[in-house]
Amino acid sequence: MTIAQLEPLPLQHLRRGKVREVYIVDDDRLLLVATDRVSAFDVVMTEPIPYKGAVLTQITAWWLRQLEADVRHHMLSADVDEIIEAVPVLADHRAALVGRAMLCRRTEVFPIECVIRGYLSGSAWKEYSAQGTLAGESLAPGMRESERLDPPLFSPATKAESGHDENITVARVAETVGPDVATELERLSRFVYERGRSIAAPRGIIIADTKFEFGRDRAGNITLIDEVLTPDSSRFWPADHYAPGRSQPSFDKQPLRDYLDGERKAGRWNGDAPPPPLPETVVSATSARYLDAFRRITGLELDRTGLS
Ligand SMILES: Nc1ncnc2c1ncn2[C@@H]1O[C@H](COP(=O)(O)OP(=O)(O)OP(=O)(O)O)[C@@H](O)[C@H]1O
Ligand SMILES: [Mg+2]
């Protein structure tokens with residue numbers, strides 16, 4: 001089943017993101033469900049992308065298993081049968097949840113987007129090229145767009161409820177969550193990112209930057225939550241096309257972006273919602289990119305049983 005709008009579940013709906021739906025199971029657990037929605041230029045497309053939700057959830061699950069020995073995380077299960085066993089009211093919704101649902105330990109979320117950048121790109125490149133700084137702190141002069149940053153930059157932002165996140169200094173993080181938590185969030189972000197980029201790069205994907213979220217579980221432990229090192233929370237670049245000094249193509253969304261750029265240039269789309277309809281070729285090319293990202297990173301074929 002390919003899903004843009006998830007059928008109602010017999011759980012309390014907590015929030016709808018651009019891509020995911022969050023439900024409360026009980027005081028200790030949440031259900032995160034990734035739909036097949038895709039956004040580009042901050043606009044959510046009408047057409048769902050086959051397999052995208054399952055790719056996002058199963059990439060996160062794969063990374064969390066790789067990290068398990070070193071990092072406390074929120075995943076309880078990403079297997080639909082285990083989830084139904086744990087939450088039997090979901091039994092009638094198996095087809096909608098297969099592959100895309102993750103049962104998670106519920107936490108109190110720290111209000112910080114822990115962005116970590118291994119390459120100079122996006123809003124960081126914009127600020128650096130204009131002012132030589134990132135979040136007001138100066139960086140070495142003379143760097144080019146998309147240049148590799150060693151060590152990576154911890155570049156936190158506020159978690160804005162609406163509109164764009166605002167870059168903040170590490171000092172502001174310490175004021176918000178306390179110095180000890182701030183230090184730990186930076187350490188964990190660096191650790192997970194370094195592990196991630198060193199696994200992905202030889203497999204043909206550069207993880208240019210990424211965003212982590214952390215929360216505190218009921219026992220008080222700092223816990224890695226949300227999605228982890230997915231194409232939606234990160235910039236994935238094809239390693240074989242990498243060259244500094246220019247922007248890089250996106251591993252997953254480039255066919256979609258190119259199509260939308262064309263529609264804009266032709267005057268058929270103004271860049272706001274509603275988006276233009278996507279041709280089937282763009283939908284299937286995008287789906288293939290997401291499946292390829294999963295395959296390359298994990299070395300496995302996505303289990304498509306029950307998906308279509
Ligand atoms: N274990 C957890 N405990 C508490 N909250 C969590 C946990 N894991 C994830 N969350 C929260 O779930 C929400 C996921 O919804 P979010 O709005 O980010 O969806 P999304 O599809 O990623 O959309 P967007 O593209 O708008 O970010 C986030 O607010 C995140 O902080
Ligand atoms: Mg999100």
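Two residues are said to touch, or to be in contact, when they have heavy atoms within 4.5 Å of each other. In this predicted model, that simple rule gives a handy way in through one tryptophan. Leaving aside residues up to four places away in sequence, W63 touches G196, I199, I207, V228, L229 and I297.

W63 also turns up in the largest nonpolar core, which has 87 residues. Those that touch the most other members are L31, W63, L90, F212, F214, L224 and V228. As for where the core gets its residues, α1 supplies the largest share, nine of them. Another core lies apart from this one; it has eight residues, among them A124, L139, M143 and L149.

Stepping back to the whole chain, the protein has eight helices and 16 strands. Its C-alpha trace spans about 60 × 50 × 35 Å along the principal axes. A compact globule of 308 residues would have a radius of gyration near 19 Å, and the protein agrees with that because its own value is 19 Å. Buried residues account for 53% of the 308. Of the contacts with a separation of 6 or more, 67% are between residues 24 or more positions apart.

Next comes the empty space. Rolling a probe the size of a water molecule over the atoms shows where such space is left. Just one cavity of 30 Å³ or more is counted, and the largest cavity holds about 80 Å³ of space. Its lining is made up of R20, L32, A34, L56, T57, T60, R100, M102, D226 and E227. Both β3 (29-34) and α1 put at least two residues into that lining, with α1 giving the largest share at three. Sorted by class, the cavity lining has four nonpolar, two polar and four charged residues.

The second largest pocket has about 360 Å³ of space. It is lined by 19 residues, and Q58, A78, D79, G99 and D303 are the ones nearest its centre. Two or more lining residues come from each of α1 (52-67), α2 (80-86) and α8 (280-298). Among the elements, α1 contributes the most to this pocket, with four residues. The pocket lining breaks down into nine nonpolar, four polar and six charged residues.

One helix, then, keeps coming back: α1 provides the largest share of the 87-residue core, the largest share of the cavity lining and the most residues in the lining of the second largest pocket.

How values were computed. Residues are numbered from 1 along each chain as its sequence is written. Chains are lettered from A and ligands numbered from 1 in the order in which they are written. This is a predicted model: local features need pLDDT of at least 70, side-chain atom pairs count only at pLDDT 80 or more; totals for chains, interfaces and linings use all residues. Side-chain values use heavy atoms; hydrogens and water are left out. On a 1 Å grid over the protein atoms alone, a cavity is a set of points where a 1.4 Å probe fits but cannot get out, and a pocket is an open set with protein on both sides within 12 Å along at least five of seven lines; lining residues have an atom within 4 Å of a point. Grid points are joined across faces, edges and corners, and a volume is the space filled by probe spheres set on the points. Ala, Val, Leu, Ile, Met, Phe, Trp, Tyr, Cys and Pro count as nonpolar, Asp, Glu, Lys and Arg as charged, and the others, Gly among them, as polar. A nonpolar core is a set of buried Ala, Val, Leu, Ile, Met, Phe, Trp, Tyr and Cys residues joined through side-chain atoms within 4.5 Å. Buried means under 20% relative accessible area, exposed over 50%, partly exposed in between (1.4 Å probe, protein chains only). The radius of gyration is taken over C-alpha atoms; the globule rule is 2.2 Å times the number of residues to the power 0.38.
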